[in-house]
Amino acid sequence: MSYLDGVNSPKDIKKLNIDELESLCSEIRELMVHTVSETGGHLASNLGVVELTVALHKVFNSPQDQIIFDVGHQCYTHKILTGRKDSFSTLRQEGGIGGFTRPSESQHDIFSSGHSSTSISSALGLAKAKSLKGEKGKVIAVIGDGALTGGLAYEALNNSGNESSNLIVILNDNNMSISPNVGSVAKQLTTIRTSPKYNTFKNGITRMLAKIPKVGSQIIRSITSVNQKIRKRVYKNTFFEDLGFRYYGPIDGHDLDALIDALKVAKAHNHSVLLHINTQKGRGYDFAERNPSKFHGIGKFNINTGEPIPSGDTFSSVFGASLLHLAENDTRICAVTAAMADGTGLGKFAEEFPRRFFDVGIAEQHAVTFSAGLARNGMIPVFAVYSTFLQRSYDQLVHDVAMQGLKVIFCIDRAGFVGSDGESHQGLFDTAYLMSIPGLTVYSPSCFEELSSMLYQAVYKEKQAVAIRYPRGSECKMPADYKYEKEDYKVFGEENAETCIVTYGREFENCYNAVSTLEGCKLIKLNKIKPLNPEICTNLENVKNVIFFEEGIKTGGAGECFAAMLEENGVNAKFKHVCVKDEFVKQASVSAQIEKYGLDKDSVIKEVNNING
């Protein structure tokens with residue numbers, strides 16, 4: 001890798017010519033595919049923005065010019081070019097570099113990322129701050145067409161166009177056609193408008209006209225007005241221009257010459273600019289080009305075949321199969337997703353029942369209220385969503401669903417620790433905010449059988465909103481004789497034990513294995529964590545110590561609600577809550593995260609022994 005070896009900072013690529021930069025792009029793709037095959041990560045989107053990222057660092061001067069990547073899942077080339085090439089093999093590993101931008105990691109990572117549609121808002125704030133402080137440099141927001149389906153992006157666009165002269169928005173269009181009517185004339189016009197010679201000539205003419213006494217400025221205004229009318233006729237889609245941006249595009253996102261010219265024009269502008277770039281997801285790796293969805297976020301895979309390392313059934317796949325089975329016999333059941341059909345297990349549902357499957361794009365707020373509308377008119381909507389993304393819809397959960405008593409079923413994937421995706425994706429907050437919503441029922445299965453049965457209960461037994469939260473990956477190893485009988489909770493161990501462990505979800509396995517080796521200890525497994533059944537307290541009459549183990553955040557979580565229930569019912573046992581305290585959890589394997597926060601079997605045993613003296 002002759003060129004990549006010599007790149008240790010953005011300054012190094014400024015010395016390379018176009019041919020050398022193209023070779024550099026090939027080397028970056030090779031490194032990227034090799035690394036992600038061993039660490040897992042977001043591959044297709046990163047392969048698509050290699051030339052764009054190289055061009056950005058060729059033209060701009062990071063970190064004085066600040067580059068914001070929306071979501072941040074496409075920042076791998078950026079990381080490689082900004083001093084993290086040698087540590088790239090540690091991608092998404094404990095103690096290694098993150099899969100998203102993190103300011104704690106590099107001065108070139110301006111804003112923490114992980115969730116969608118935030119880039120333009122943050123970039124506008126950054127640009128305004130630069131302007132107020134008199135600082136030099138542009139702020140560039142790189143946002144994909146998928147992220148542009150999020151409402152926050154439009155709120156920011158609405159506020160941006162006429163507000164800041166140092167803001168550049170780059171629309172990375174790799175799937176959805178924003179301007180379907182743009183034809184050869186528009187493409188030719190874009191080529192001319194982004195040509196350095198044209199802009200030099202245009203600026204010279206403008207300066208010359210400005211010097212003409214009295215009528216010069218009037219002539220410039222007239223020419224500008226004519227130009228705008230011509231652009232509207234040629235481009236047909238004037239959405240961005242109407243918002244106040246200077247629009248250039250579409251531009252081939254894999255043509256370095258065209259990209260560099262366009263970025264130079266944008267950099268020289270004294271007005272907000274939007275560059276529309278067309279890229280191909282998975283570019284340069286055949287398997288990812290043919291199946292970009294599969295390689296959007298992928299675990300370890302075989303480079304030669306493109307096949308992921310087998311992992312067996314998961315909660316996601318079992319949920320998808322269970323919902324499909326119910327929908328076969330009930331035409332009221334609808335599935336809703338926010339651009340995560342495959343990730344949440346709804347791929348086959350979408351194929352079998354396309355009229356009852358709704359992918360609303362990256363718009364979780366809309367998804368919740370849309371589901372509320374379905375429910376109001378007699379359908380049974382099931383919104384499948386990652387825990388970390390549902391938190392974006394708290395107001396809609398409260399106002400549009402629960403307050404109106406509507407039955408929307410929330411199937412919350414990736415609840416608890418998620419491992420290598422890090423702080424922005426941990427599913428540790430949903431229990432805390434769900435516990436606060438009146439009328440909402442929350443189930444937490446530990447195994448596939450429970451998930452299927454709880455989904456049935458949610459559809460046919462519950463009258464109002466229901467949430468079923470389950471972890472990423474495979475099920476717990478359950479006791480050989482265990483059978484879920486739709487009870488709110490289940491008690492294991494010695495009836496008259498002085499110490500009682502309480503837990504739910506995936507943590508049941510560790511707690512059960514610990515209790516099996518302990519004397520004088522019993523275990524209460526919560527199947528329904530909201531509302532808590534006060535009858536639980538009858539099992540705690542002779543208990544001196546209650547230890548609640550929770551794979552979630554402490555404040556407002558199920559453990560705190562359980563402690564309040566004990567106090568309200570006169571249970572005088574000493575209470576301890578083992579969970580995640582007031583912090584964000586960094587990337588590591590799930591097993592390492594469970595151990596770190598004292599939730600593994602050995603930690604449970606140690607905790608019980610300590611409390612018993």
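## A walk through the chain, starting at Lys576

Select Lys576 to begin: its relative accessibility is 36%, so it counts as partly exposed. Keep in mind as you click around that this is a predicted model.

**Stop 1: around Lys576**

Colour residues 574-580 and you will have strand β17, the home of Lys576. Now show the residues that touch it. Setting aside neighbours within four places in sequence, Lys576 is in contact with Val546, Ile547, Phe548, Glu607 and Ile611. For a distance to try in the viewer, pick the C-alpha atoms of Lys576 and Phe549: they lie 8.7 Å apart in space, while the two residues are 27 apart in sequence.

**Stop 2: Gln593**

Next, select Gln593. Is Gln593 buried or exposed? With 2% relative accessibility, Gln593 counts as buried, because the cut-off for buried is under 20%. Its place is in helix α24, which covers residues 590-596. Which residues does Gln593 touch, leaving aside those within four places in sequence? Show Phe417, Val418, Gly419 and Gln426, and then Val585, Lys586, Gln587 and Ala588, and you have its contacts.

**Stop 3: helix α5 and its two partners**

Move to residues 50-59, helix α5, and add residues 76-84, helix α6. The two pack with their axes 9 Å apart, at an angle of about 40 degrees. α5 and α6 are therefore oblique to each other. Their crossing is right-handed. To see the contact, show the side chains of Val50, Thr53, Val54 and His57 on α5, together with Thr77, His78, Leu81 and Thr82 on α6. Colour these by class and you should find three nonpolar residues, five polar ones and no charged ones.

Keep α5 on screen and bring in helix α13, residues 256-268. Here the axes come within 9 Å and cross at roughly 45 degrees. That angle makes α5 oblique to α13. This crossing, too, is right-handed. On the α5 side, select Glu51, Leu52, Val54, Ala55, Leu56, Lys58 and Val59. On the α13 side, select Leu256, Leu259, Ile260, Leu263, Lys264 and Lys267. How many nonpolar, polar and charged residues make up the contact of α5 with α13? The class colours now give nine nonpolar, no polar and four charged. Val54 is worth a label of its own: it belongs to the contact with α6 and also to the contact with α13.

**Stop 4: helix α7**

Now select residues 119-133, the 15 residues of helix α7. From its first C-alpha to its last, α7 reaches 21 Å, close to the 21 Å expected at 1.5 Å a residue. Which residues of α7 are buried? Highlight Ser119, Ile120, Ser122, Ala123, Leu124, Leu126, Ala127 and Lys130 to see them. Then turn on what covers these buried residues, including strands β1 (66-69), β2 (139-144) and β3 (167-173), along with helix α8 (151-160). Just after α7 comes Gly134, and its phi is positive, near 70 degrees.

**Last stop: the whole chain**

Zoom out and colour by secondary structure: the chain comes to 25 helices and 17 strands. Of its 613 residues, 56% are buried. Finally, consider the contacts between residues at least 6 apart in sequence: 75% of them join residues at least 24 apart.

Definitions and conventions. Residues numbered from 1 in each chain as written. Predicted model: local features only at pLDDT ≥ 70, side-chain atom pairs only at ≥ 80, totals over all residues. Heavy atoms only, no water. Helix = DSSP H or I, 4+ residues; strand = E, 2+ residues; numbered from the N terminus. Expected span 1.5 Å × (residues − 1). Buried < 20%, exposed > 50% of the residue type's maximum accessible area, 1.4 Å probe, protein only. Contact = heavy atoms within 4.5 Å. Axes fitted to C-alpha atoms, helices over the stretch in contact; angles between N-to-C directions. Parallel < 35°, antiparallel > 145°, perpendicular 65-115°, else oblique. Left-handed = near helix turned anticlockwise from the far one by under 90°. Nonpolar A, V, L, I, M, F, W, Y, C, P; charged D, E, K, R; others polar.
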